[in-house]
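Subject: Structure for you, with notes on one strand

Hi,

Here is the structure I promised. Please have it open while you read the notes below.

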Amino acid sequence: MVRTTVAPLLLMALIACVPAVGGCEAHAQIGSGAQPPPPTPPAPPPPAPEPTPAAATAAPAPAPTPPPAAEPPKAPVTMSGDRLGVPGNIVYETGKAIIKPESEPTLNALKDFMEQNKNFSRIRVEGHTDNVGKPADNMKLSTDRAMAVVTWMDTHGVTKDRLLAVGFGDTKPIADNKTEDGKAQNRRTEFRLAEIDGKPFLGRDETAGGTVAPGQKPPPPPKAK
């Protein structure tokens with residue numbers, strides 16, 4: 001009787017536990033399941049690009065170099081009678097017929113004058129010296145120096161046939177040879193009009209009585225009046 005009673009009771013107890021066990025299992029499944037990972041936070045926005053620096057302002061172009069100042073106008077060649085007043089002086093090496101570079105402004109002034117006055121068909125180039133040394137040597141030196149001027153002019157565009165080199169040595173001083181200043185004044189080169197339009201100027205002797213430099217054809221003597 002006791003066994004019979006106990007058996008139904010055990011069976012009932014087992015049946016009553018089944019829901020509880022199922023509930024326990026269900027609860028265990030919910031509690032122990034893996035939680036879904038939290039959503040990945042959005043990536044931070046890329047940093048804003050740095051502003052492109054404005055193109056560097058080009059350095060201003062250097063100011064153009066101003067043109068060189070114009071040379072002061074050269075003193076014009078003047079005339080008094082047959083004499084040409086050419087500014088400056090022809091300077092030579094001592095005792096030689098070699099023209100120094102500082103003479104070029106004077107030579108250029110004469111060249112320009114002759115190019116501008118084509119009717120002046122011949123200019124006499126006169127060489128003069130002081131009285132130091134032998135007269136014959138001074139005469140040769142003066143003619144050689146006059147010829148050096150003619151040669152310079154010829155190489156710079158004025159042909160030799162428009163110039164006549166004549167030497168006077170120490171025969172025509174314009175100052176006292178007893179002083180150094182006087183000697184310096186006597187050592188000179190002068191320019192005179194010898195021909196105009198192919199005819200002797202005023203019918204005068206084109207050599208003026210001087211010695212024509214070697215290498216130049218002496219002009220014919222003036223016609224007797």
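Start with a pairing: G167 has T211 in β7 as its bridge partner. Keep in mind that this is a predicted model.

G167 belongs to one face of strand β4, together with L163 and A165. L164 and V166 make up the other face. Both faces are covered, and each of these residues is buried. Strand β4 spans residues 163-167, and 5 of its 5 residues are buried, so the rest of the structure largely encloses it.

Now the neighbouring strands. The link between β4 and β7 (residues 211-212) consists of 2 bridges, and the two strands run antiparallel. Strand β3 (residues 122-128) is joined to β4 by 5 bridges, and that pair is parallel. Within it, look for R124 opposite L164. Helix α3 (residues 135-155) completes the picture: with β3 and β4, the helix forms a right-handed β-α-β unit.

Then there is Q216. Where does Q216 lie? You will find Q216 in the segment after β7. Its relative accessible area is 10%. The cut-off for buried is under 20%, so Q216 counts as buried.

The Q216 side chain also reaches the backbone of β4 residues. One of its polar atoms lies 3.1 Å from the backbone oxygen of L163. For the backbone nitrogen of A165, the distance to a polar atom of that side chain is 2.4 Å. Q216 touches L163, L164 and A165. Beyond those, its contacts include M147, V150 and K160.

Best wishes

Definitions and conventions: Residues are numbered from 1 along each chain as its sequence is written. This is a predicted model: local features need pLDDT of at least 70, side-chain atom pairs count only at pLDDT 80 or more; totals for chains, interfaces and linings use all residues. Side-chain values use heavy atoms; hydrogens and water are left out. Buried means under 20% relative accessible area, exposed over 50%, partly exposed in between (1.4 Å probe, protein chains only). Helices (H or I, at least four residues) and strands (E, at least two) are DSSP runs, numbered from the N terminus. Two strands pair if DSSP finds at least two bridges between them. A crossover is right-handed if, with the strands pointing away from the viewer, the path from the first strand over the helix to the second runs clockwise. A polar contact is a pair of N or O atoms within 3.5 Å; within protein, one must be able to donate a hydrogen and the other to accept it, and residues adjacent in sequence count only if both atoms are side-chain atoms. Contact means heavy atoms within 4.5 Å. Lists of a residue's contacts leave out its neighbours within four places in sequence.
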